[in-house]
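These are my notes on the pairing of charged side chains and on the partners of one strand. I set out each look-up in turn.

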Amino acid sequence: MRSIPVIAMIVVVASVAAGCFASGSSDSADGRLRLAMLLPPRSGLSPFSDDAFKLSRWSTGETLVVLDAAGDAKPALSTAWRRVDPTTWRFELRSGVRFHDDTPLTAQTVVGALTAATRAKPVPRVLDGVEVTARADGNAVLVATKDPDPLLPQRLSSPQLTILAPAAYRDPARVDPIRHGTGAFVLTSVNGRASAKLDRFDRYWGGKAKLAGIDVDFVPEGQTRAAALRNGSADVVEAVPVSQASLVDGALLHPVQMPRTNTLYLNTRRGPFAQAGLRAAARSAVDRQRLVDQVYEGRADTAQGLLGPAIPWSKDRPARTEAPAGNPAGATITLATFTDRPELPEVATVLAEELTARGFTVKQVVREYQFIENDMLAGVFDAFILSRATVLDTGDPLAYLRSDFSCAGSFNISQFCDPAVDAAMNAAGVLEAGLARQTATLDVEKQILERDVAVPLLHERVLQGESRRVANVARDPRERELITNATTID
């Protein structure tokens, strides 16, 4: 008797999934790929918002440079760059590039796009606190900052600094990316928060795309995205939920290691964790493998540090000394997290059990993020569990470490301040990208972890769904690439 509702539910989910993909063709014989994305546009696909990452993942909007796996800048619309003085960099432009509206890429068009970004309200996150000016110099662009910025090339890789045709900026209040990019695919239409369509751009400077086009549907419901992958109504699916993974053919799921760490932040200013020994006791209580196995069903990586395997050079971290653990002796702590990421309350339950077993008395607080953020940042809680991106817009994790663990950090959940750590951050911050900066950054991480300011728990993965008919889909931890000119479909 119970099988009838279950079957009915499956039929409904399959029908909903099929209905969500009206923008695509009924099959892939026409060379078009059907893409199911997690989040709909929030800002009308403005390049100055996080919607810019969609333009990048569709290979329609491009930047002057791109980042490789190590976070080093590589050529894109710019072929070479050099620092000409402490505050100015010169970027040589690729010749022969045309926008989708047939306008040529010139130094003047690049200057116009960058200037529009600096005048945007609100300013793109990647430019927050950074004063940038640009001017043309022949077939090159001189980009200057008020203060020296050793990571300016990496900053210009952010999709929020996508270079669009001049016509895109006619209305400063609403930048229009339709038919105004330079990438392998032309964005031809957007249906609000429901769907978008892209066609191949035959004159793409990087080589004609293998696909005829991309039909995008925005499908926030995870169960529906997973059903679309199962029943073949989508060819590529963003972020298949772990809870749905067992219902999908494992061969269609591809884990992508993310630069995101699930971390237990400890309040160093007040309460029990102002004592270093009790912070060490909390750290020693944590069973990371249990969290990975029990909460994430094995689909995560146990944390060896704050920076994870999505940052390849983090594996070269120096050895660190662990402080001796003190005796909690029943010390009462408040452990908090939020519901917006469904795994976190379960992580909190497991950690509460482990901390209790270690001798703490644990009270839990769980709310929606919007109702807990202010208290979190004010240091109301003794411990807080957060899933935190460790690589921000420049691709450099030092910005995250400074935000979370410096005396003036804007996201300092641990209420931590140590002049020695700040000095190490400042020394690392003046170095240009490369081995020396990486080594200095790992030393900063070491100092933070030796003080037990935060306990890294695990590094998250995202499950990317791909049908058997597709090949050469990008699996990018930074979520800047997805469908490229090399992607194919049978």
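I count as a salt bridge a side-chain nitrogen of Lys or Arg within 4 Å of a carboxyl oxygen of Asp or Glu. The model I examined is predicted.

Entry 1. I searched the whole structure and found 30 salt bridges. Arg32, Asp199 and Asp215 are linked in a network of such bridges. Within this network I looked up Asp215 and Arg32, whose side chains meet at 3.0 Å, N to O. Asp215 belongs to strand 10 and Arg32 to strand 1, so the pair links distant parts of the chain, 183 residues apart. I noted that Asp215 and Arg32 are both buried.

Entry 2. I then looked up Asp452, which forms a salt bridge with Arg283; their closest N and O atoms are 3.0 Å apart. Asp452 lies in the loop between helix 12 and strand 17, and Arg283 lies in helix 6, so the bridge ties together parts that are 169 residues apart in sequence. Why do I record Asp452 as buried? Its relative accessibility is 4%, and buried means under 20%. Arg283, at 12%, is buried as well.

Entry 3. I turned to strand 17, residues 454-466, and found eleven of its 13 residues buried. Which strands pair with strand 17? Strand 12 does so in the antiparallel sense over ten bridges, and Tyr265 has Ala454 as its bridge partner there. Strand 13 also runs antiparallel to strand 17, joined by three bridges; Thr302 is partnered with Leu458. Strand 11 pairs with strand 17 over two bridges, again antiparallel, and Val237 stands opposite Gly465.

Conventions. Residues are numbered from 1 along each chain as its sequence is written. This is a predicted model: local features need pLDDT of at least 70, side-chain atom pairs count only at pLDDT 80 or more; totals for chains, interfaces and linings use all residues. Side-chain values use heavy atoms; hydrogens and water are left out. Buried means under 20% relative accessible area, exposed over 50%, partly exposed in between (1.4 Å probe, protein chains only). Helices (H or I, at least four residues) and strands (E, at least two) are DSSP runs, numbered from the N terminus. Two strands pair if DSSP finds at least two bridges between them.
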